[in-house]
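Trainee: I am new to this structure. Could you show me how to read it, one feature at a time?
Mentor: Gladly! Let us look together.

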Protein chains: 2
Amino acid sequence: MASDTLPAEPTQARRFGKARSAQSAALHEDYVELISDLLEAGGEARPTDIARRLGVSHATAIKTIGRLKREGLAISKPYRGVFLTPLGEALAGRVRARHRLVVAVLCALGVPREAAEQDAEGIEHHVGDATLAAFARFLKERGGA
Amino acid sequence: MASDTLPAEPTQARRFGKARSAQSAALHEDYVELISDLLEAGGEARPTDIARRLGVSHATAIKTIGRLKREGLAISKPYRGVFLTPLGEALAGRVRARHRLVVAVLCALGVPREAAEQDAEGIEHHVGDATLAAFARFLKERGGA
DNA sequence: CACAGAATGTAGCGTTGGCTACACTTTCGC
DNA sequence: GCGAAAGTGTAGCCAACGCTACATTCTGTG
């Protein structure tokens, strides 16, 4: 049998399905985190800044911001910058903490700084609660020892 | 300054850009790996099996297989199953090795088996060469010690 | 204050990756 | 060897996320 390499169908399908939905949430997480950073750093988050930082056109950024608003994560009035709802702030906090943890773990494993930052950008969106907890434990033990 | 939390614009844009393209390649990697597994396990990879395992409709699978063919990763004749080109085989090998390494590292960090398998499904696509090398080193040292 | 230039917003297009519905082969049982 | 079931393929739809091009609003300077 190939059970060792091939998980049962339903299990595998569930895994892929979860990975897919995580991916769809990833972009919104990035936006929310960046908006939060910009607000903290300069008091305002303007679409053009967001677009520049993400490396997309301002039109793309505006369209995505519209989706964030639709999901209750952000608010904005025309020509007045973007702000986060409490929901958005909460998400931003979680995302930022997770990002830092992932980078820290990668560095602890011996990944060079820049590579860690780069890969964390993609990895963080797929780190579930159990994995996150294990990461935290690992760092604590290792740091404490 | 907020340099500690906010990387310079071009750097950040480059990171996000890379993460975005990695994401677009991810699906193809999953398909190629699965096709390789199915071929090995049963000698054939049929669209319906692929669709079931990925948790998508057969129509979606067929459309994506078409893209794989366009990219020179797979070949297929109508009603005759899907096969990999040498290019596809090579990719499948790399992807499989990377997947196993990621799962092993997660487990070594104390992540429960099922969570490790689940998260690895998403994480693996964002693990670059430098990170991969660090993972291998980490496992070797840890295993050897 | 007017107007040029920057920022913002809108419209329209393309690709990807989902889906359902329908048509066509293949295969298998009788 | 025929017909039903299963598998395969096609068509058409939708939403997300990119883009460029154009319209609008804001802002700051002369």
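Trainee: How many residues surround DNA strand C, and which are the closest?
Mentor: First, some ground rules: this is a predicted model, where local features need pLDDT of at least 70, side-chain atom pairs count only at pLDDT 80 or more, and totals for chains, interfaces and linings use all residues. Residues are numbered from 1 along each chain as its sequence is written, while chains are lettered from A and ligands numbered from 1 in the order in which they are written. A residue is near a strand if its C-beta atom, placed from the backbone, lies within 6 Å of it. Here 21 residues surround DNA strand C, and the closest are A:R46, A:T48, A:A59, B:S57 and B:A59.

Trainee: Which helix gives the most to that surface?
Mentor: Helices are DSSP runs (H or I, at least four residues), and strands are too (E, at least two), numbered from the N terminus. The most comes from α3(B), with five residues.

Trainee: Which residues of α3(A) are buried?
Mentor: Count neighbours: a residue is buried if 20 or more other C-beta atoms lie within 10 Å of its own, exposed if 12 or fewer, and partly exposed in between, with C-beta atoms placed from the backbone. In α3(A), the buried ones are A:A61, A:T64, A:I65 and A:L68.

Trainee: Why are they on the same side of α3(A)?
Mentor: An α-helix has 3.6 residues a turn, so residues three or four places apart point the same way. These four cover an arc of only 110° around the axis (taken from the directions from the helix axis to the C-beta atoms), which puts them on the same side of α3(A). The face turned away from that buried side carries the exposed A:A59, A:K63, A:G66 and A:R70.
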